Structures are given as structure tokens and as C-alpha cells.
Amino acid sequence: MPDRNPTPEATLFAFFNEVGILAQLSRAMFEARLPPGFNLPQFAVLNHLIRVRDGQTPMALARAFQVPKTSMTHSLAVLERLGLIELRPNARDGRSKCVFLTDQGRGFRNDAVASLAPDMAAIAADYPVDRVESMLPALAALRKVMDARRDAQPADPET
């Protein structure tokens with residue numbers, strides 16, 4: 001029987017548990033639509049560069065994704081080899097590199113999103129899109145809180 005007066009911590013745990021399950025289900029759905037050899041973390045880098053901005057350093061991307069720099073470097077090497085990104089010298093310091101999307105990378109990202117249309121249509125048939133739309137502002141606000149918490153953490157030299 002569910003607790004009628006859950007603690008804030010219990011409520012947050014239940015929320016993040018549901019988000020985790022949704023993340024797993026959506027990841028499997030999306031990876032099934034990606035071309036063979038591609039995975040969601042690689043797509044996520046392309047999507048991040050479009051959503052936030054390109055021209056970020058690999059270290060900044062590793063920090064944003066909260067992964068070790070070596071993991072990000074591997075993903076970027078794959079994306080660069082496929083012509084989806086370019087690594088250019090950092091104009092500010094000349095030592096590090098910055099990551100830029102290529103036209104092919106933008107097209108790949110857009111095609112990947114478009115490939116989800118049948119899945120999105122099926123979900124929309126079973127679940128009202130206006131309910132999802134009404135949740136987006138609250139989810140974005142929570143993401144901003146969590147981003148700020150992440151950014152306030154001291155940088156781990158391994159990430």
C-alpha cells in the first residue's frame with residue numbers, strides 16, 4: 001500500500017524512478033531506429049550541439065554529459081570519422097579543440113529525429129500530447145535546477 005504522506009525524498013525518488021524507466025524505454029525505442037553501429041550517446045552529442053550550441057570543447061561536453069573525458073573523446077572520434085562533426089583548434093587558447101557540427105551531422109540528427117515519427121504517432125494515439133505539453137515547463141525547470149547543481153560541483157579531473 002503506498003504511503004499516504006510520503007517524505008519529499010520518497011516523492012523525489014518515486015519521480016526519478018519513473019523518469020529512469022521512461023529513459024530506458026525511450027532509449028531502446030530510439031536506438032532501434034538509429035542506423036547500425038550508432039548509439040544514443042553519440043546521437044545525444046549531436047543533439048546537444050544543436051540544442052545548446054556547437055563550438056564547445058571536449059572537456060565541456062564531458063562535463064555536460066557527466067562522463068569521463070576519455071569516453072567523450074571516443075564518441076567524438078567516431079563522430080568525426082563519420083564526418084558528422086569537425087574538431088577545430090580553439091580560437092581562444094590555440095591548444096585545445098572545439099567541436100562543430102558538419103552539415104552531414106545536422107542532417108543525420110534531423111533524420112534520426114524524423115525516424116521516430118511512427119513511434120511518436122503511436123504514443124500520441126495512446127497518450128494525450130497536451131498532457132505531455134503541460135509537463136514540459138515543470139520538467140525544464142527541474143532540469144535547470146539539476147544543471148545548476150552539476151555546474152556548482154567542483155570539476156573532476158577525470159571528467
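Is G94 buried or exposed? G94 is exposed, since its relative accessible area is 53% and the cut-off for exposed is over 50%. The model discussed here is predicted. Its chain holds seven helices and two strands, and buried residues account for 22% of the 159 residues. The points below cover the fold, the nonpolar core, the aromatic pairs, the largest pocket and several single residues.

**Overall fold**

- Along the sequence, the elements follow the order α-α-α-α-β-β-α-α-α.
- Taken along the principal axes, the C-alpha atoms of the chain fill a box of roughly 60 × 40 × 25 Å.
- Among contacts in the chain with a separation of 6 or more, 57% are between residues 24 or more positions apart.

**Nonpolar core**

- In soluble globular proteins, nonpolar side chains tend to be buried together.
- Here the largest nonpolar core has 20 residues.
- Within this core, the residues with the most contacts are F30, L34, L46, L49, L76 and I85.
- Two or more residues of the core come from each of α2, α3, α4 (69–81), β2 (97–101) and α5 (103–114).
- Helix α2 supplies the largest share of the core, with five residues.
- L34, one of the core residues with the most contacts, touches N39, L40, F43, F108 and A112, when residues up to four places away in sequence are not counted.

**Aromatic pairs**

- A pair of aromatic rings is described by the distance of the centres and the angle of the planes.
- The whole structure contains three aromatic pairs, and two of them are described here.
- The ring centres of F30 and F43 are 4.6 Å apart and the ring planes are at 90 degrees, so this pair is edge-to-face; the cut-off for that class is over 60 degrees.
- F30 belongs to helix α1 and F43 to helix α2, and the pair links distant parts of the chain, 13 residues apart.
- F30 and F43 are both buried.
- The ring centres of F38 and F108 are 4.4 Å apart with planes at 35 degrees, so this pair is tilted.
- F38 sits in the loop between α1 and α2 and F108 in helix α5; this pair also links distant parts of the chain, with the two positions 70 residues apart.
- F38 and F108 are buried as well.
- F43 and F108, from these two pairs, are both among the residues that L34 touches.

**Largest pocket**

- Rolling a probe the size of a water molecule over the atoms shows where empty space is left.
- The largest pocket has a volume of about 2,600 Å³.
- Its lining comprises 43 residues, of which V19, A23, S26, L139 and R143 are the closest to the centre of the pocket.
- The elements giving two or more residues to the lining are α1 (8–33), α2 (40–51), α3 (58–65), α6 (117–126) and α7 (129–152).
- By residue class, the lining has 30 nonpolar, five polar and eight charged residues.

**Single residues: glutamines**

- Q42 is found in helix α2.
- Q42 counts as buried because its relative accessible area is 6%, and the cut-off for buried is under 20%.
- Leaving out residues up to four places away in sequence, Q42 touches G37, S75, V78 and L79.
- Q66 lies in the loop between α3 and α4 and is exposed, with a relative accessible area of 57%.
- Most residues other than glycine have a negative phi.
- Q66, which is not a glycine, has a positive phi of about 55 degrees.
- Q153 lies in the segment after α7.
- Q153 counts as partly exposed because its relative accessibility is 44%, and partly exposed covers values between the cut-offs of 20% and 50%.
- The C-alpha atoms of Q153 and M29 are separated by 32 Å, and the two residues are 124 residues apart along the chain.

**Single residues: G94**

- G94 is found in the loop between β1 (85–89) and β2.
- From C-alpha to C-alpha, G94 and D151 are 25 Å apart in space, with a sequence separation of 57 residues.

How values were computed:
Residues are numbered from 1 along each chain as its sequence is written. This is a predicted model: local features need pLDDT of at least 70, side-chain atom pairs count only at pLDDT 80 or more; totals for chains, interfaces and linings use all residues. Side-chain values use heavy atoms; hydrogens and water are left out. On a 1 Å grid over the protein atoms alone, a cavity is a set of points where a 1.4 Å probe fits but cannot get out, and a pocket is an open set with protein on both sides within 12 Å along at least five of seven lines; lining residues have an atom within 4 Å of a point. Grid points are joined across faces, edges and corners, and a volume is the space filled by probe spheres set on the points. Helices (H or I, at least four residues) and strands (E, at least two) are DSSP runs, numbered from the N terminus. Ala, Val, Leu, Ile, Met, Phe, Trp, Tyr, Cys and Pro count as nonpolar, Asp, Glu, Lys and Arg as charged, and the others, Gly among them, as polar. A nonpolar core is a set of buried Ala, Val, Leu, Ile, Met, Phe, Trp, Tyr and Cys residues joined through side-chain atoms within 4.5 Å. Buried means under 20% relative accessible area, exposed over 50%, partly exposed in between (1.4 Å probe, protein chains only). Contact means heavy atoms within 4.5 Å. Rings of Phe, Tyr and Trp (its six-membered ring) pair if their centres lie within 6.5 Å; planes under 30 degrees apart count as stacked, over 60 as edge-to-face and the rest as tilted.
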